[in-house]
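Please open the model in the viewer and keep the selection tool at hand. The tour proceeds from the domains to one sheet and the helix beside it.

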Amino acid sequence: MAFFEIQNLHVYYGFIHALKGISLTVEEGEIVTLIGANGAGKTTTLRTISGLLQPQEGDVRFNGESLLKYRPHEIVKMGIIHVPEGRRVFARMTVQENLEMGAYVREDKDGIAEDLKRVFKLFPRLEERRGQLAGTLSGGEQQMLAIGRALMSRPRVLLMDEPSMGLAPVLVEEIFDTIKELNETQNLTILLVEQNAHMALQIAHRGYVLETGVITIAGSAQELATNPEVQKAYLGM
Ligand SMILES: Nc1ncnc2c1ncn2[C@@H]1O[C@H](COP(=O)(O)OP(=O)(O)OP(=O)(O)O)[C@@H](O)[C@H]1O
Ligand SMILES: [Mg+2]
């Protein structure tokens, strides 16, 4: 039994068959990346895991239990936390309020205060700007806030949708270093969706290539990085 698992998932938008029977596993403490071009079905996969979309067929399982019978907020409560595409923060709330929103399912006040400290330690820039409205943060700062907010909910599995999108290369490095650090120091399990295969394969343990709703290649990060098809299509070699 895998820690986290997708089995033969089929998802449609009306007549569009967006996911055509994909299967993948993520073990506890692993970073697994799902690489694919625009429209491959990466976001659709994460939205289905989070309970925002219902599959026509297949299953999503966490610790051996199907998640399909749960509603999105219940899935959040189980610790499966989605950092959405385009870093959706609450623009009219302050940085600190956004972070507190991440902990809304929790009741342990002391633990929340402790985690807030930890997020500020991880992202000092957020602490400097704790009173600033989130909508006025730079793109990179908003990405940090989106990750920080997810961490405030004590994730057991973090689902990250293209954290590198729209960021300058230095900031991409910084975000990926942080993801790696969270995995290494907190044994955090991460499913990382990316178009930036170059960065994703540097920090992931394993990966899958998704092409128009079908997984075409699977292997260790090393295997994918040296696979000629991956190099040609996703690494610009
Ligand atoms: N709400 C929707 N209604 C209809 N079709 C949709 C909807 N959302 C996504 N699709 C289609 O499903 C397919 C997969 O989309 P998805 O957003 O999962 O791709 P993606 O891999 O995340 O792409 P990107 O890298 O551009 O974010 C695409 O063909 C897309 O046009
Ligand atoms: Mg997407």
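Begin with the whole chain, which is a predicted model, and display the C-alpha centres of domain 1 and domain 2: they lie 24 Å apart. To colour the two parts, select residues 1-79 together with 158-237 for domain 1, and residues 89-154 for domain 2.

Next, select the contact between the domains. Domain 1 contributes 10 residues to the contact and domain 2 contributes nine. On the side of domain 1 that touches domain 2, α2 (72-77) and α7 (169-186) each provide at least two residues. Which helix gives the most to this side? It is α7, with three residues. By character, the residues on this side of domain 1 comprise six nonpolar, three polar and one charged.

Now turn to the sheet. It is open and mixed in its pairing, with six strands in the order β6-β7-β8-β3-β9-β10. Select β6 (80-83) and β10 (214-220) at the edges: each has a single partner strand, so one side of each has no neighbour in the sheet. On average, neighbouring strands of this sheet are turned by 15 degrees against each other, direction ignored.

Within the sheet, select β3 (residues 31-35) and β8 (residues 189-194), which run parallel and are joined by five bridges. Pick T33 and then look in β8 for its bridge partner, L192.

Finally, select helix α1 (residues 42-49), which packs on the sheet and touches β3, β6, β7 (157-161), β8 and β9 (206-211). The direction of α1 makes about 150 degrees with that of β7.

Definitions and conventions:
Residues numbered from 1 in each chain as written. Chains lettered and ligands numbered in written order. Predicted model: local features only at pLDDT ≥ 70, side-chain atom pairs only at ≥ 80, totals over all residues. Domains from an automatic or database assignment. Contact = placed C-beta atoms within 7 Å. Helix = DSSP H or I, 4+ residues; strand = E, 2+ residues; numbered from the N terminus. Nonpolar A, V, L, I, M, F, W, Y, C, P; charged D, E, K, R; others polar. Pairing = 2+ DSSP bridges. Axes fitted to C-alpha atoms, helices over the stretch in contact; angles between N-to-C directions.
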